[in-house]
Amino acid sequence: MNPPALTGREVLLVVGGGIAAFKSALVARELQRRGASLETVLTTAGQRFITGVTFAGITGRAPRVDLWDPAYPGELHIALTAKADLVLVVPATADLLARMAHGLADDLATTCLLAARGPVVVAPAMHPRMWEHPATQANIAALRARGVAVVGPVVGALASGESGVGRMAEPEEIVDAAARALTPQDLAGCRVVVSAGGTHEAIDPVRFVGNRSSGRMGYAIAARAHARGAAVVLVSGPSALADPSGVTVLRVRSAREMRDAVLVAAGSADLVVMAAAVADYRPADVSVEKIKKTDGELVLRMVKNPDILAELGAARRPDGPMLVGFALETSDLVAHAREKLARKGCDLVVANLATDGFEGDDNRVTLVSPSAITPLELMGKSAVADHVLDRFSAWRSR
Ligand code: C5P
């Protein structure tokens, strides 16, 4: 899935002194892959775990390590923070968090953190006993209260061989948090339900009728809604994709399981996006035993599945959520989309041709509402997601 871009953003990466520092190189790599430019500051302890050569190689810029750098004529911490859109601390050690919480500024990293005016994201990593210590918890609470975004730590295996809360979040999740910190929170306070993927309709204990939907479009909508501040429930049919960070994921198999999960979640939602490729039919009878091969033909009788979107549309109240459906067509795109908009009682249909986005990372869609037909260019599924969410933003302020 194509994650949110950081194109043109300047990130100041502060690398603290903990064993998780080796993963900060992967964070640098991922930031760059998403289009960010980087300056790196290594603390004295950070340099014990990873060398500047690694960051110079990745970013093309020599990392900064010394507040008193004789080669730099001006105030290095002011210059570095003036151009930074975001400061990201990876790993944030207990000591670095304590110094941040108390506003200390006795080295290049802490002077930068005190001089920074944009968003700050920290990725703590330490032994669970240090993380759970009241001093660290008080420092984290103080930083959160000041608006610092904290990603992790998570439960997992630690370098010491033990397991507990203290392991640093994975690089991709840290970069997602960085992207989120740079994204206007226009959907804060909104509850969004998204369905994604295909469904599996059982034939017998080991076989099913399914479709080729990857789930990418729905996962992108869930990820972007979360990045823009919404509380998101993703009801996913079988999909190989990893759970988007920060999103509540409910995994289901069949259309009927999806219906039950979506209807419960939709009860308190402001927006429901049915991006799932729900099977219209299911086998009438599910064999308890695995069906044996015979010489003759096998005939499957199929019965209609409930139409989840139509059910939501029929039950809608004036204070109910905005309803968005998808229409995947092989011909007459707009005509079919308009028919679905009316028949399913939704506010927007995102229509696309099967050739334009079923399995890939990009999609070319046409947004069809009761009042307008808007064809969009071919673009990444994250960008399509933002267009759909922009429509929701406009719908809320209608
Ligand atoms: O009628 P069609 O399957 O083309 O409609 C597609 C839209 O309806 C999608 O938004 C899909 O998620 C939704 N749908 C549904 N329940 C079904 C079939 C489709 O909610 N049983």
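Reader: Let's start with helix α9: which of its residues are buried?
Author: This is a predicted model, and in it helix α9 runs over residues 171-181. Part of what covers its buried residues comes from α1 (21-33), β3 and β4. The buried ones are Pro171, Ile174, Val175, Asp176, Ala177, Ala178 and Ala179.

Reader: And what covers the buried residues of α6?
Author: Helix α6 takes in residues 108-115 and is mostly covered, with six of its eight residues buried. Those six are Leu108, Ala109, Thr110, Thr111, Cys112 and Leu113. The cover includes β1 (10-15), β2 (37-42), α4 (76-83), β3, α5 (94-101) and β4 (120-124).

Reader: Which residue caps the N-terminal end of α6?
Author: Look for a side-chain oxygen that lies 3.4 Å from the backbone nitrogen of Ala109. Ala109 is itself among the buried residues of α6. The capping oxygen belongs to Asp107.

Reader: Which residues have the most contacts inside the largest nonpolar core?
Author: That core has 35 residues. One of its best-connected members is Val324, which touches Leu271, Val272, Val273, Met274, Leu309, Leu348, Val350 and Val388, leaving out residues up to four places away in sequence. The full set with the most contacts is Val194, Ile221, Val232, Leu234, Leu271, Val273 and Val324.

Reader: How many residues are in the second, separate core?
Author: Val15, Ala125, Ala178 and Leu182 are among its members. Ala178 is also one of the buried residues of α9. The second core has 30 residues.

Reader: On to the largest pocket: what is its volume, and which residues are closest to its centre?
Author: The volume is about 840 Å³. The lining has 37 residues, and they divide into 16 nonpolar, 12 polar and nine charged. Closest to the centre are Ala276, Ala277, Val278, Phe326 and Leu328.

Reader: Which element gives the most to the lining of that largest pocket?
Author: The elements that give two or more residues to the lining are α10 (216-227), α12 (308-314), β16 (322-329) and α13 (333-344). The top contribution is four residues, and it comes from α13.

Reader: Just ahead of that, in the loop between β16 and α13, what is the phi of Asp332?
Author: Asp332 sits in the loop between β16 and α13. Its relative accessible area is 56%, so Asp332 counts as exposed. It isn't a glycine, yet its phi is positive, at about 45°.

Reader: Is Arg167 buried, exposed or partly exposed?
Author: Arg167 belongs to strand β7 (residues 163-167). Beyond its neighbours within four places in sequence, its contacts are Lys23, Pro124, Pro153, Val154, Val155, Gly156, Ala157 and Leu158. Its relative accessible area is 27%, so Arg167 is partly exposed.

Reader: What joins the side chains of Arg167 and Glu170?
Author: Strand β7 covers residues 163-167, and Arg167 is in it. The link from the Arg167 side chain to that of Glu170 is a polar contact of 3.2 Å.

Reader: How far apart in space are Arg167 and Ala354?
Author: In sequence these two are 187 residues apart. Going C-alpha to C-alpha, Arg167 and Ala354 are separated by 42 Å.

Reader: Is His200 buried or exposed?
Author: His200 is in the loop between β8 (191-196) and β9 (201-202). Setting aside neighbours within four places in sequence, it contacts Phe208, Val209, Gly210, Pro238, Arg253 and Ser254. The cut-off for buried is under 20% relative accessible area. With 18%, His200 is therefore buried.

Reader: Which residue does a cis peptide bond join to Val90?
Author: The omega of this bond is about -10°. The partner is found in strand β3 (residues 86-92). That partner is Pro91.

Reader: What is omega for the peptide bond from Gly152 to Pro153?
Author: Pro153 lies in the loop between β5 (149-150) and β6 (154-157), and it is also one of the contacts of Arg167. The bond from Gly152 to Pro153 is cis, with omega near 0°.

Reader: Zooming out, what percentage of contacts in the protein chain between residues at least 6 apart join residues at least 24 apart?
Author: The chain has 14 helices and 19 strands, and its C-alpha trace spans about 80 × 50 × 40 Å along the principal axes. Of its 398 residues, 49% are buried. As for those contacts, the share joining residues at least 24 apart is 66%.

Definitions and conventions. Residues are numbered from 1 along each chain as its sequence is written. This is a predicted model: local features need pLDDT of at least 70, side-chain atom pairs count only at pLDDT 80 or more; totals for chains, interfaces and linings use all residues. Side-chain values use heavy atoms; hydrogens and water are left out. A nonpolar core is a set of buried Ala, Val, Leu, Ile, Met, Phe, Trp, Tyr and Cys residues joined through side-chain atoms within 4.5 Å. Buried means under 20% relative accessible area, exposed over 50%, partly exposed in between (1.4 Å probe, protein chains only). Contact means heavy atoms within 4.5 Å. On a 1 Å grid over the protein atoms alone, a cavity is a set of points where a 1.4 Å probe fits but cannot get out, and a pocket is an open set with protein on both sides within 12 Å along at least five of seven lines; lining residues have an atom within 4 Å of a point. Grid points are joined across faces, edges and corners, and a volume is the space filled by probe spheres set on the points. Ala, Val, Leu, Ile, Met, Phe, Trp, Tyr, Cys and Pro count as nonpolar, Asp, Glu, Lys and Arg as charged, and the others, Gly among them, as polar. A polar contact is a pair of N or O atoms within 3.5 Å; within protein, one must be able to donate a hydrogen and the other to accept it, and residues adjacent in sequence count only if both atoms are side-chain atoms.
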